[in-house]
Amino acid sequence: TYFRNAVHNSPPAKDYLQSRTLDFKQIEVGYNAGQFHHGARKTEEIINQALEVGLLIDKNLVARTGEKAYQPFGKWCIVFALRNKANEIVSLYFRSTLQDKEQRHFYLRDRQGLYPNYPPTSTKKLILTESIIDCVTLLQQPEIGSKYNLLALYGTNGFTEEHQQSIRALQQLEEIIFFLNGDEAGNKAVAKYAPM
């Protein structure tokens, strides 16, 4: 909830989403300004939970106030929820709003869950996208969402066992469409995954 609310108050988040033609009013998206563990929200329980899942990193830092300080994971990133079979949020994906080509994609440790969720068992046509941003872009198109279910891979090497199990459970599946970049990596991934 904090991350979702932060989008409304963050010009950098809104600017980044607009640059990717993503409508934060239409999609479930958040922003990590790195402040979620401060102010009225700060409790020992929140700090410990954030450390446990990797949202905070303990680098033995001390703040100007003399209190222990933590480095937030995925600071200045757009945040998307990854969900389990029960549609519960079990992990997060962070996409940097900064223009650092080396540091753009971040997942919490022990990544699990799928985006936008597990496909319904009634799925007949499934589009597999290369990334979460590609997936959410297509989800914004009503004519696509009304005819297809979508599932984001985690890059060209990110067709995980969890993805494969969710697809095997689709008893009515008739067609899978690979919506990957038309570059060398995308073409190799399609050639690798299509026989599977």
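What follows is an exchange between a reader and the author about how several features of this predicted model earn their descriptions.

Reader: What makes Thr156 count as buried?

Author: Thr156 has a relative accessibility of 15%, and because buried means under 20%, the residue falls in that class. Thr156 is found in the loop between β8 and α6, and, leaving aside neighbours within four places in sequence, it is in contact with Glu130, Ala185, Gly186, Ala189 and Tyr193.

Reader: Why are Trp76 and Asn87 called partly exposed?

Author: Trp76 has a relative accessible area of 42% and Asn87 has 39% relative accessibility; partly exposed covers the range between the limit for buried, under 20%, and the limit for exposed, over 50%, so both residues belong there. Trp76 lies in the loop between β3 (68-72) and β4, whereas Asn87 is found in the loop between β4 and β5. Trp76 has a positive phi of about 65° although it is not a glycine, and for Asn87, also not a glycine, the phi is likewise positive, at about 65°.

Reader: How do you know that strand β4 is mostly covered?

Author: Of the 7 residues in β4 (residues 77-83), 7 are buried. The burial applies to both faces of the strand, for Cys77, Val79, Ala81 and Arg83 point one way, Ile78, Phe80 and Leu82 point the other way, and all are buried.

Reader: What makes β1 and β5 pairing partners of β4?

Author: Two strands pair if at least two bridges are found between them, and since 3 bridges join β1 (residues 30-32) to β4, the criterion is met there. The count between β4 and β5 (residues 89-96) is 7 bridges, so that pair qualifies as well. Both pairings are antiparallel. Ile78 takes part in each of them, standing opposite Tyr31 on one side and having Arg95 as its bridge partner in β5. β4 and β5 also form a hairpin, with 5 residues between them, and Asn87 is in the turn.

Reader: Which value shows that the peptide bond from Tyr115 to Pro116 is cis?

Author: The omega of this bond is near 5°. Pro116 lies in the loop between β6 (105-107) and β7 (125-129).

Reader: What makes a group of residues the largest nonpolar core here, and which of them have the most contacts inside it?

Author: A nonpolar core is a set of buried residues of certain nonpolar types joined through side-chain atoms within 4.5 Å, and the largest such set has 36 residues, with Leu17, Val29, Ile78, Phe80, Tyr115, Leu128 and Ile132 having the most contacts inside it. Two or more residues come from each of α1 (2-8), α2 (11-19), β4, β7, α4 (132-139), β8 (149-152) and α7 (184-193), and the largest share, 5 residues, comes from α4. Leaving aside neighbours within four places in sequence, Ile132 is in contact with Phe80, Leu82, Tyr93, Tyr115, Ala152, Leu153 and Tyr154. Apart from this core lies another, of 15 residues, among them Phe3, Ile47, Phe73 and Leu92. As a general matter, nonpolar side chains in soluble globular proteins tend to be buried together.

Reader: Why is the sheet of β8, β7 and β9 called open?

Author: The 3 strands stand in the order β8-β7-β9 with parallel pairing, and β8 and β9 (175-179) are at the edges, each with a single partner strand, so one side of each is left without a neighbour in the sheet. Neighbouring strands of this sheet are turned by 25° against each other on average, direction ignored. As for one of the pairings, β7 and β9 are joined over 5 bridges, and because at least two are required, they count as paired. Within that pairing, Ile176 in β9 is the bridge partner of Leu126.

Reader: How do you know that the buried residues of α6 lie on the same side of the helix?

Author: His163, Gln164, Ser166 and Ile167 are buried in α6, and they cover an arc of only 165° around the axis, which puts them on the same side of the helix. The buried residues of α6 pack against β7, β8 and β9. Helix α6 (residues 161-168) lies across these strands, running at about 160° to β8.

Definitions and conventions
Residues are numbered from 1 along each chain as its sequence is written. This is a predicted model: local features need pLDDT of at least 70, side-chain atom pairs count only at pLDDT 80 or more; totals for chains, interfaces and linings use all residues. Side-chain values use heavy atoms; hydrogens and water are left out. Buried means under 20% relative accessible area, exposed over 50%, partly exposed in between (1.4 Å probe, protein chains only). Helices (H or I, at least four residues) and strands (E, at least two) are DSSP runs, numbered from the N terminus. Contact means heavy atoms within 4.5 Å. Axes are lines fitted to C-alpha atoms, for helices over the stretch in contact, and angles run from 0 to 180 degrees between N-to-C directions. The arc is that of the directions from the helix axis to the C-beta atoms.
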